[in-house]
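Subject: Structure for you to look at

Dear colleague,

I am handing over the structure below, and I would be glad if you could open it before reading on. My notes on what was found follow underneath.

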Amino acid sequence: MPLDPLRIAYRPYWWDIDEPLRQIHDDPMPGASDVVIVGGGYTGMAAALVFARAGKSVTIIEKSTPGYGASTRNGGINSASIRPSHGELEKQWGRDFADELYKEASAARIDLADFCETEGIDAMFKLTGWFKGAMSGKHYDYLSREADLLQSRLGIPCRMVSQADQHDEIVSDRFYGGMVEDDIGGFHASKFFAGFLRIITEAGVKVFEKTAVEDIQDHPTAGKMVITDKGSIHADIVVVATNGYTGGAEHKFSRFLRQRTVPIRSSIIVTDDLGVERVKALMPAMRMYGNTAKLTTYFRPTPDGRRILLGARGAEKEPSIKTVNFLRNRLISILPQLADVHIDYCWTGNVAFNRQLIPRIFTHDGIHYSAAYAGSGTVWARWCGKKLAEQVLGQTNAPSVLTGSAPASLPFYNGQPWFLPMVYTWYGLQDHINEWRHG
Ligand SMILES: Cc1cc2nc3c(=O)[nH]c(=O)nc-3n(C[C@H](O)[C@H](O)[C@H](O)COP(=O)(O)OP(=O)(O)OC[C@H]3O[C@@H](n4cnc5c(N)ncnc54)[C@H](O)[C@@H]3O)c2cc1C
């Protein structure tokens, strides 16, 4: 069936909800606040909540509208994935660090589910489990070793599914079997955001939207002056939570983060309403799904079980019919039964990476940062924002293993990722070679 271009909505599927995604107030921006947070996504809100509940006055400054960055554009998969495998981490950083990081990812996932429950956030969260399809026999063997290690050493509930049994997970012949991890789930990205916004509002946090931070300067006596396009505000504590939307050279303050964080475009499509029965017939386990390709694809049923959402890296800045066709072909390559599918939604957004491919919480020149969740920020952003604030307040004696020095800057890089086309070509080539040699 040809696509009807007029039926495609180029905006996130998640935005069509009844709950407000913005704070309605007409307060003037204060001249001073105990804490100023730059960026109104999951990271900023998580830090804000801890500070506010500790009795601090908290102001969030958001350049666009709250959540306009990645936090209402993601796939809603709550994996807290760590880009390097446990084996790769162990080789580079040692076994203790690798164990600690994988344990913290598990704790962060549990904490997110508890948070929704205790705060009464109806984010349609479900602990569905996650199926990671192997893109070759070699990848299947690698995943088997990883699953053994995660299960036996760290108690993370995962197991292998052979190619013969794969149709119990997904009715596709695209994979060579895969790994199921049971402690991973998915939520509705905007319903989570709306619930979170309600909680911080109740805690007294004020969000000033459509206000861009331009610079952050030392105050002559103490603290910092945060200079925005709508005036300046004095703060004792400043958190920068701009992540993949850190922006270009127009904002002086962002230089330090910009040189260390690479924004990578990711794009998503959502099919038309297939109905629960058809989706279930294709995805019997109704899990979150991904694969082992370097240029990975992630997909899932929408929280109501009626549609399929699929996303992948790399896209034009603005979504177009080209983006739709690229992702639709990916979907059909996994589920050829959907050759007649129409696409109702398509959008893009930025995810952030650093050189180490591991999220970092750090302080530089008296400013606190948390960034670079490598495409897995639905869990990490909230966890790291919370940890950052607890650490600044001295509320915890269990600092995150992600806390430390700032990630290294990238050579010849100032925020324009000119090298990405080469990286994509190289990764694409590796994916082809893997399937050709080991498939
Ligand atoms: C298409 C896509 C799919 C994804 N899928 C998943 C997934 O399935 N699972 C998963 O775990 N993660 C996923 N992610 C990643 C996840 O959404 C992010 O890691 C997470 O939302 C980051 O939250 P944040 O608060 O750090 O940043 P953001 O939500 O991006 O917030 C940063 C905010 O800072 C604001 N800002 C920037 N500069 C300024 C300034 N100068 N002044 C004021 N404000 C400023 C921006 O406007 C923006 O709203 C996906 C991301 C995208 C884009």
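Between which two elements does the loop that holds M286 lie? M286 lies in the loop between α7 (276-282) and β13, and please bear in mind, here and throughout, that the model is a predicted one.

I begin with the backbone of that residue. The phi of M286 is near 50°, a positive value in a residue other than glycine, whereas most residues other than glycine have a negative phi. M286 has 19 other C-beta atoms within 10 Å and is therefore classed as partly exposed, since a residue needs 20 or more to count as buried. A second case is N243, which is not a glycine either and has a positive phi of about 45°. This residue lies in the loop between β11 (231-240) and α6 (255-258), and N243 counts as buried because 29 other C-beta atoms lie within 10 Å. A positive phi, near 55°, is also taken by D365, in the hairpin of β17 and β18, where two residues stand between the strands. The strands of this hairpin, β17 (residues 360-364) and β18 (residues 367-371), pair in the antiparallel sense over five bridges, and R360 has A371 in β18 as its bridge partner.

Next comes strand β4, which covers residues 130-133 and has partners in two other strands that I describe here. With strand β6 (residues 178-181), β4 runs antiparallel and is joined by four bridges, K132 standing opposite M179 in β6. With strand β13 (residues 288-291), by contrast, the pairing of β4 is parallel, again over four bridges, and here G133 stands opposite N291. In a regular strand the side chains alternate between the two faces of the sheet. In β4, W130 and K132 are on one side and F131 and G133 on the other, and these four residues are all buried, so that both faces of the strand are covered.

Turning to the helices, I would point you to α2 (residues 86-93) and α3 (residues 95-119), whose axes come within 7 Å and cross at roughly 140°. At that angle α2 and α3 are therefore oblique to each other, because only an angle over 145 degrees would count as roughly antiparallel. The crossing of α2 and α3 is right-handed.

The surroundings of the ligand are the next item. A total of 45 residues surround the ligand, and the closest are G41, G69, G75, G349 and G377. By class, this shell holds 26 polar, 16 nonpolar and three charged residues. At least two residues of the shell come from each of α1 (42-53), β12 (262-271), β16 (343-353) and α9 (377-392), and α9 gives the most, with four residues.

Finally, you may like to locate T59, which lies in strand β2 (residues 58-61). T59 counts as buried because it has 23 C-beta neighbours inside 10 Å. Between the C-alpha atoms of T59 and D173 there is a separation of 51 Å, the two residues being 114 residues apart along the chain.

With best wishes

Methods:
Residues numbered from 1 in each chain as written. Predicted model: local features only at pLDDT ≥ 70, side-chain atom pairs only at ≥ 80, totals over all residues. Near = placed C-beta within 6 Å. Nonpolar A, V, L, I, M, F, W, Y, C, P; charged D, E, K, R; others polar. Buried ≥ 20, exposed ≤ 12 C-beta atoms within 10 Å, placed from the backbone. Pairing = 2+ DSSP bridges. Axes fitted to C-alpha atoms, helices over the stretch in contact; angles between N-to-C directions. Parallel < 35°, antiparallel > 145°, perpendicular 65-115°, else oblique. Left-handed = near helix turned anticlockwise from the far one by under 90°.
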